[in-house]
Amino acid sequence: MRAPIALLLFSSLACAQTTLQSVLARMDQAAPSFKGITAQFDRVMHTAIINDNSLDAGSISMQRKGKDLRVLLEFTKPEPRYIAFSSRSAEVFNPKINTVQIFDLGKQKSLVEQFLLLGFGASGKELARAYNLKYAGEETIAKTKTSRLELIPKSDKVREHYTKIELWVAADGGHPVQQKLYEPSGNYMRMTYSGIKLNPGLDPAKLQIALPADVKREYPQRQ
C-alpha cells in the first residue's frame with residue numbers, strides 16, 4: 001500500500017505545483033502591460049483581541065508610469081475620507097474636520113509600494129522572489145472565478161508587519177479580486193474589488209485629493 005499512497009501524494013503535489021506555475025505565468029503575462037486600475041472595494045478590518053470587524057467601502061484609482069506610482073482611495077462608507085499616495089508622500093483627508101495629514105514615506109516608500117502593488121502589476125517572478133508561495137484552490141469571489149494563493153514573506157522586515165498574505169487572482173487575468181493580509185497580532189485586513197477596469201487611461205489630476213483652500217494641514221511625523 002505504501003507505494004500507491006506515496007504516488008498519490010506525489011501526484012497531488014505535482015498537480016498543485018503545476019497549477020501554481022500556471023497562475024504565476026498568467027501574472028507574468030499581464031504585468032508588462034499594467035498601467036493602472038479603477039475599481040470599487042469593500043474592506044474588512046478584523047481586530048482579533050475583541051473579535052470585531054469594522055467595514056468600509058469606496059473606490060480606488062491607481063496609475064503607474066515607470067517607477068512613479070500614484071494611488072487615490074476614496075472612502076464613501078461609513079463616511080467620506082480620502083487617502084492619496086504619490087512617489088514620496090501620503091495624504092489623509094478627513095472632510096468632516098477639514099484636516100489633511102501629510103506623511104513623508106521616506107525609507108518606508110518601497111514597503112508601502114510593495115503592498116499597494118500587491119498583485120496589481122506584480123509579476124509571478126517578483127512574487128516568487130519575495131514570498132514562499134502555495135496554491136490553495138479555486139474560489140468564486142465577487143462573481144469572479146479566481147485562483148487563491150498563500151504568500152509567506154521571506155523578508156524579516158515584511159514579517160514584522162504581515163505574517164501571511166492571501167491573493168485571489170482572476171482566472172481570466174493576472175490581477176487580484178481579493179487580498180487578505182494577516183498581522184502578527186492576529187488582526188487582518190481583507191480588500192475585495194469589483195467593477196475592475198484595467199488601464200483606464202487616468203488623468204493624473206484625478207489621482208490627487210481636491211483639497212479646500214482653507215484646509216488645515218498637519219504633519220504628525222514632526223510632532
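**A tour from a buried ring to the sheet**

Select F120 to begin: its relative accessibility is 1%, so this residue counts as buried. The model on display is a predicted one.

Next, add Y193, which is also buried, with a relative accessible area of 5%. The structure holds 4 aromatic pairs. F120 and Y193 form an edge-to-face pair, because their ring centres lie 5.2 Å apart and their planes stand at 85°, where an angle over 60 degrees is required for that class. Colour the chain around both residues: F120 belongs to the loop between α2 (109-116) and α3 (124-130), and Y193 to strand β11 (residues 188-198). The pair thus links distant parts of the chain, 73 residues apart.

From Y193, widen the selection to the sheet. This open sheet is formed by 12 strands with mixed pairing, in the order β7-β8-β9-β10-β11-β1-β2-β3-β4-β5-β6-β12. At its edges, select β7 (131-141) and β12 (216-218), each of which pairs on one side only. Direction ignored, neighbouring strands of the sheet are turned against each other by 20° on average.

Return to β11 and display strand β10 (residues 176-182) with it; the two run antiparallel and are joined by 5 bridges. Strands of a sheet pair through backbone hydrogen bonds. Within this pairing, select K180, whose bridge partner in β11 is R190.

Now show the side chain of K180 together with Y188: K180 lies over the face of the Y188 ring, at 4.3 Å from the ring centre. For the final stop, select K164 and Y182, where K164 lies over the face of Y182 at 4.8 Å from the ring centre.

Methods: Residues numbered from 1 in each chain as written. Predicted model: local features only at pLDDT ≥ 70, side-chain atom pairs only at ≥ 80, totals over all residues. Heavy atoms only, no water. Phe/Tyr/Trp six-rings, centres within 6.5 Å; stacked < 30°, edge-to-face > 60°. Helix = DSSP H or I, 4+ residues; strand = E, 2+ residues; numbered from the N terminus. Buried < 20%, exposed > 50% of the residue type's maximum accessible area, 1.4 Å probe, protein only. Lys NZ or Arg CZ within 6 Å of the ring centre and 35° of its normal. Pairing = 2+ DSSP bridges. Axes fitted to C-alpha atoms, helices over the stretch in contact; angles between N-to-C directions.
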